[in-house]
Amino acid sequence: MSLRLSTVILPYRRWHEGARAAWVRAEQLGFHTAYTYDHLSWRSFRDGPWFGAVPTLTAAAAATERLRLGTLVTSPNFRHPVTLAKELISLDDISGGRVTLGVGAGGTGFDATALGQDPWTPRERADRFAEFVPLLDRLLTEDAVTHEGRFYSAHEARNIPGCVQRPRLPFAVAATGPRGLKLAARHGQAWVTTGDPKLYENGTPEQSVDALRGQIGKLSEACAAIGRDVAGLDKVLLTGFTPDRSRPLVSLDAFVDFAGRHQELGFTEIVIHWPVPDSDFAADEKVFEEIAMEAPAQLA
């Protein structure tokens with residue numbers, strides 16, 4: 001299978017001051033999907049401009065025709081399945097069925113406390129995620145849903161006419177732990193990882209590849225436990241968080257080497273960050289465009 005190349009465009013620019021141009025250019029460059037982060041604010045961008053994911057993707061849907069669009073990732077930190085489902089169905093309709101929902105358990109960043117709550121423990125994040133994903137699945141596939149859960153409730157929630165994509169838009173489930181991998185196996189059309197965060201500071205690229213191989217092995221076990229072939233699940237690597245950091249974007253050859261090693265592991269999609277000057281995602285835009293235009297053919 002050919003390796004798909006996608007990008008993630010951080011929502012830090014005003015729409016008419018560079019943001020729209022990036023989404024349009026992403027389509028022109030032939031990226032498979034352009035994602036954005038679904039946060040209220042994020043890391044070093046906290047004290048600067050940062051825009052909402054769903055309105056950004058809605059605008060991107062109107063500005064493009066073929067490019068798939070998605071979140072990488074949405075989480076329960078500030079989302080409720082009932083309201084999120086309505087927004088996703090609307091976005092899927094506006095885009096003509098081009099939306100993928102990247103979804104994860106969330107973390108301890110600024111989103112975790114923005115609504116005034118204390119940060120959830122890892123167990124509570126996992127508990128909420130385990131309820132969030134199946135309920136969202138039902139909301140996107142059934143006309144009316146009633147649910148009384150530990151964390152989320154829905155009372156005759158209506159979602160007519162449903163998604164353009166049937167039976168619903170695809171889920172790309174971000175997970176590395178056993179409970180999350182089970183959710184990916186049961187509800188995901190794709191699985192997402194950023195690698196092993198423990199290796200980011202002092203690990204080596206070789207150690208990262210080994211860790212990713214182990215994650216895919218555990219995903220295979222989760223799929224086998226429910227009688228699913230792991231080959232039918234897309235495997236997505238969001239780059240920039242492995243020990244390689246930004247080095248794969250220094251040249252076309254460097255990227256092809258990096259992507260080829262991960263393609264051999266079984267990854268079907270590699271996501272690279274649209275260059276952001278003066279940040280961890282700074283990169284030469286000419287090299288970035290060269291990678292976008294030429295790397296997929298070399299990895300076919």
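Is Trp274 buried or exposed? In this predicted model, Trp274 is buried, because its relative accessible area is 9% and the limit for a buried residue is under 20%. The ring of Trp274 is paired with that of Phe288: the two ring centres are 5.0 Å apart and the planes stand at 70°, so the pair is classed as edge-to-face. Trp274 belongs to the loop that runs between strand 10 (269-273) and helix 8 (285-298), while Phe288 belongs to helix 8, so the pair ties together parts that are 14 residues apart in sequence. Phe288 also counts as buried, at 2% relative accessibility.

Both residues of this pair are in contact with Phe31. Apart from neighbours within four places in sequence, the contacts of Phe31 are Leu5, Ser6, Thr7, Ala26, Leu67, Ile272, Trp274, Phe288 and Ala292. Phe31 is also among the members of the largest nonpolar core that touch the most other members. That core has 69 residues, and the others in this group are Leu136, Leu140, Trp191, Phe255, Ile272 and Ile291. Helix 4 supplies the largest share of the core, with seven residues. There is also a second, separate core of 19 residues, and Leu10, Ala190, Val192 and Phe281 are included in this second core.

Aromatic pairs number twelve in the structure. One of them joins Phe151 and Tyr152, whose ring centres are 6.4 Å apart and whose planes meet at 55°, so this pair is tilted. Tyr152 counts as buried, with 3% relative accessibility. Ring pairs also build a cluster, which is made up of Tyr12, Tyr37, Trp42, Phe45, Trp50, Phe241 and Phe281. Phe281 therefore appears both in this cluster and in the second nonpolar core, a set that by definition holds buried residues. Two arginines lie over the faces of aromatic rings. Arg128 is placed over the face of Trp120, 3.9 Å from the ring centre, and Arg245 is placed over the face of Tyr200, 4.1 Å from the ring centre.

Charged side chains were examined next. The structure contains 16 salt bridges. In one of them, the side chains of Arg150 and Asp127 meet at 3.3 Å, N to O. Arg150 is located in the loop between strand 5 (144-148) and strand 6 (153-158), and Asp127 is located in helix 4 (residues 122-141), so the pair ties together parts that are 23 residues apart in sequence. Arg150 is exposed, with a relative accessible area of 65%, whereas Asp127 counts as buried at 13% relative accessibility.

Asp127 takes part in another salt bridge, with the side chain of Arg179, at 2.8 Å, N to O. Here helix 5 (residues 178-187) holds Arg179 and helix 4 holds Asp127, so the pair ties together parts that are 52 residues apart in sequence. Arg179 counts as partly exposed, at 39% relative accessibility. Helix 5 also has buried residues, namely Gly180, Leu181, Leu183, Ala184, Ala185 and His187. The cover over these buried residues includes helix 4, strand 7 (171-174), strand 8 (190-193) and helix 6 (205-225). Helix 4 thus appears in the salt bridge between Asp127 and Arg179 and also in the cover of helix 5.

A further salt bridge joins the side chains of Asp257 and Arg261, at 3.4 Å, N to O. Both residues lie in helix 7, four residues apart, about one turn of the helix. Asp257 counts as partly exposed at 45% relative accessibility, and Arg261 counts as partly exposed at 29%. Elsewhere, Arg4, Asp234 and Glu269 are linked in a network of salt bridges.

Helix 7 (residues 252-265) also contains Phe258. Phe258 is buried, with a relative accessible area of 2%. Not counting residues up to four places away in sequence, Phe258 touches Leu237, Thr239, Thr242, Asp244 and Pro248. Between Phe258 and Thr121 the C-alpha to C-alpha distance is 35 Å, and the two are 137 residues apart in sequence.

Definitions and conventions
Residues numbered from 1 in each chain as written. Predicted model: local features only at pLDDT ≥ 70, side-chain atom pairs only at ≥ 80, totals over all residues. Heavy atoms only, no water. Helix = DSSP H or I, 4+ residues; strand = E, 2+ residues; numbered from the N terminus. Buried < 20%, exposed > 50% of the residue type's maximum accessible area, 1.4 Å probe, protein only. Contact = heavy atoms within 4.5 Å. Salt bridge = Lys/Arg side-chain N within 4 Å of Asp/Glu carboxyl O. Core = buried A, V, L, I, M, F, W, Y, C linked by side-chain atoms within 4.5 Å. Phe/Tyr/Trp six-rings, centres within 6.5 Å; stacked < 30°, edge-to-face > 60°. Lys NZ or Arg CZ within 6 Å of the ring centre and 35° of its normal.
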